[in-house]
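These are my notebook entries on a structure that I am reading for the reader who meets it here. I set down what I looked up, one topic at a time.

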Amino acid sequence: MTLGVALLIPFAVMLIGLLLWATRPPQTIALPGHDIFALLSQQRHCVRLRFILQALQPEDTEYLKLGGNRALMHALRADRRRIALRYLDMLQAEFKTLIEISRALAVMAPEVVAIEELQRWKLNLVFAMNCAILRWRLRLGLRPAGGFVAISRMATGMARHLEAAISRIAENAMTTPDFPEFPCNGHEGD
Amino acid sequence: MSEFLSLLDITWAGTTTLEFALLASLVWRKACRTYPFFALYVASTILQSAALFVLYRKPGLAAPTVWTIAWGTQGVVTVTRSLALIELARKVLARYTGIWALARRIVLWVGAGVVAYGLALSKGQYQWMVMGGVRGLELAMAAVIVTMLLFARYYRVPVKPFARAIAVGLCLYSSFYVVDYTLLKHVLQRYAEFWNFLGIMTFLASLLIWLHASGRYSFQEEESLPAAISPEIYGALSSEINLRLYLLNRQLERLMQMKERRP
């Protein structure tokens with residue numbers, strides 16, 4: 001059996017696994033139209049980025065070591081790392097919300113630009129990966145400022161994609177009398 | 001071996017009975033109007049069973065002739081299954097014009113890629129090439145179904161229970177067919193009867209899934225049209241989202257431009 005043929009078996013098994021995963025009930029309920037207003041009116045965590053970056057600067061706590069309070073410095077840094085981890089959770093939740101909104105928009109849009117959708121899928125993957133790396137860096141006590149900036153850039157990119165999509169939808173809203181429904185649940189009728 | 005062949009005959013008979021039951025259920029519950037190609041596919045499997053029953057018991061036919069006719073019927077079944085799959089994809093995604101346009105392209109690329117891969121692996125005598133080609137098609141169908149379901153899951157598109165049951169049944173059968181055939185050809189050819197038996201059992205499982213779904217779920221909901229959002233709500237919604245995103249974008253851009261500084 002050649003390698004190419006042998007690969008068919010794990011590929012088929014992988015398809016069965018993916019099938020089982022894809023037919024599971026969804027973990028989160030999609031956004032009903034009116035709730036998008038509420039979600040958008042929530043306070044954004046991105047605005048606290050500069051405080052977090054500042055708090056993670058080693059220089060910010062260096063004076064404690066000079067004053068002979070090494071233990072206090074370590075405790076303070078550990079506290080700040082914990083706060084940064086919580087901030088990261090919030091940032092990730094905010095990104096997920098943006099993704100949810102963009103999904104709802106894509107479902108409503110009479111036309112979806114494939115390249116932008118693919119970019120968003122890629123962005124989503126990269127964001128999740130960067131968050132995981134950043135989380136480990138924080139846990140190991142490494143300096144994560146660069147990672148935070150990268151993640152913030154992704155959020156910015158995400159917002160730009162959404163803005164373009166909304167503009168297209170708004171243009172279509174002027175001409176189309178009716179719109180398809182918001183999907184309210186991945187598996188109706190169960 | 002004769003006992004095993006009897007078992008094979010029994011499962012074959014059981015499968016044909018279930019095929020009849022499923023078709024009767026689809027006709028009785030008027031699902032043929034909602035899923036005409038799926039009903040056609042079920043009917044084609046019944047006709048194939050009948051044709052093979054007659055073919056294998058007809059004396060005096062040369063083996064190559066039997067082989068050609070048998071695989072010819074398989075070709076017809078594969079075509080009707082492909083049509084059922086296209087129908088299914090349309091049912092699930094076509095109402096959402098934006099993502100349907102994208103899904104259609106991706107699914108076509110995935111399908112074509114997998115078929116090409118399968119055909120590239122089909123070498124040797126022409127019989128093996130035909131069988132390898134069918135394997136490639138089966139794998140492509142499984143890949144297309146999984147891609148479609150992943151797509152629906154990502155965009156939170158509702159998949160109706162009967163449509164989901166069709167997808168699961170088709171995909172399970174196609175995936176197991178690929179595994180069965182690949183192992184049969186390269187590893188376990190001397191256990192061909194056993195692998196045929198497993199193949200029939202897999203199809204039996206798919207039939208049971210479809211029969212259960214056809215008896216349980218309503219087909220009326222399949223035809224229900226999506227409730228439209230009024231243009232006023234929609235316009236207000238998009239304006240609000242636009243504004244919020246613009247503000248968020250501005251905030252982030254200002255943050256990005258800000259230099260880190262010590263207090």
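The entries below go from confidence to chain A and then to selected places in chain B.

**Entry 1: confidence**

I noted before anything else that this is a predicted model. I looked up the scores for the complex, and the predictor gives an ipTM of 0.70 and a pTM of 0.71. For chain B, I found a mean pLDDT of 77, with 76% of its residues at 70 or more. I then asked which helix of chain B has the lowest confidence and which the highest. The lowest is helix H9 of chain B, residues 231-257, at a mean of 47, and the highest is H2(B), at 89.

I also recorded two stretches of chain B in which pLDDT stays under 50. Over residues 225-231 of chain B, the model has 15 contacts beyond four places in sequence. Over residues 248-263 of chain B, the model has 32 such contacts, again beyond four places in sequence. I treat these contacts with reserve, because predicted coordinates should not be read in detail where pLDDT is low.

**Entry 2: chain A**

I looked up the make-up of chain A and found eight helices and zero strands. From the N terminus on, its elements therefore read α-α-α-α-α-α-α-α. Chain A has 190 residues, and buried residues make up 45% of them. I took the contacts in chain A with a separation of 6 or more, and residues 24 or more positions apart account for 78% of these. The accessible surface of chain A comes to about 9900 Å², and 62% of this belongs to carbon and sulfur atoms.

**Entry 3: a nonpolar patch on chain B**

I asked which residues make the nonpolar surface patch of about 420 Å². They are B:Phe37, B:Leu40, B:Val79, B:Leu83 and B:Ile86. Helix H2 (36-57) and helix H3 (63-93) of chain B are the elements that give two or more residues to this patch. The largest share, three residues, comes from H3(B). I checked one member, B:Leu40, and placed it in helix H2 of chain B. B:Leu40 has a relative accessible area of 41%, so I entered it as partly exposed.

**Entry 4: aromatic rings**

I counted the aromatic pairs over all chains and recorded eleven. One of them joins B:Trp67 and B:Trp71, and it is tilted, at 6.0 Å centre to centre with 35° between the planes. These two residues are separated by about one helical turn, because they are four residues apart in helix H3 of chain B. In the pair of B:Phe203 and B:Trp210, the ring centres are 6.4 Å apart and the planes stand at 75°, so I recorded this pair as edge-to-face.

Is each partner of that second pair buried or exposed? B:Phe203 counts as buried, at 10% relative accessibility. B:Trp210 counts as buried too, at 1%. I found both residues in a cluster linked by ring pairs, whose members include B:Tyr35, B:Phe38, B:Tyr41 and B:Phe162.

**Entry 5: B:Thr15 and its contacts**

B:Phe203 led me to B:Thr15, which lies in helix H1 of chain B. B:Thr15 has a relative accessible area of 3% and is buried. I asked what B:Thr15 is in contact with, leaving aside neighbours within four places in sequence. The residues are B:Ile200, B:Phe203, B:Leu204 and B:Leu207. I also took a distance to B:Leu139, 124 residues from B:Thr15 along the chain, and the C-alpha atoms are separated by 22 Å.

**Entry 6: positive phi values**

I looked up two residues other than glycine with a positive phi. B:Lys30 has a phi near 60° and lies in the loop between helix H1 (2-28) and H2 of chain B. B:Arg156 also has a phi near 60°, and I found it in the loop between helix H5 (126-154) and helix H6 (161-186) of chain B. B:Lys30 counts as exposed at 51% relative accessibility, whereas B:Arg156 counts as buried at 12%.

**Entry 7: B:Ala116**

Last, I placed B:Ala116 in helix H4 of chain B, residues 97-120. B:Ala116 is partly exposed, with a relative accessible area of 45%. B:Ala116 and B:Met129 are 13 residues apart in sequence, and 13 Å apart in space from C-alpha to C-alpha.

Methods
Residues are numbered from 1 along each chain as its sequence is written. Chains are lettered from A and ligands numbered from 1 in the order in which they are written. This is a predicted model: local features need pLDDT of at least 70, side-chain atom pairs count only at pLDDT 80 or more; totals for chains, interfaces and linings use all residues. Side-chain values use heavy atoms; hydrogens and water are left out. Patches are made of residues with over 30% relative accessible area and no salt bridge: like charges are joined within 9 Å, nonpolar side chains (Val, Leu, Ile, Met, Phe, Trp, Tyr) within 5 Å. Accessible areas come from the Shrake-Rupley method with a 1.4 Å probe; for residues, only the protein chains shown count as cover. A salt bridge is a side-chain nitrogen of Lys or Arg within 4 Å of a carboxyl oxygen of Asp or Glu. Buried means under 20% relative accessible area, exposed over 50%, partly exposed in between (1.4 Å probe, protein chains only). pLDDT is the predictor's confidence in each residue, from 0 to 100. Contact means heavy atoms within 4.5 Å. Rings of Phe, Tyr and Trp (its six-membered ring) pair if their centres lie within 6.5 Å; planes under 30 degrees apart count as stacked, over 60 as edge-to-face and the rest as tilted.
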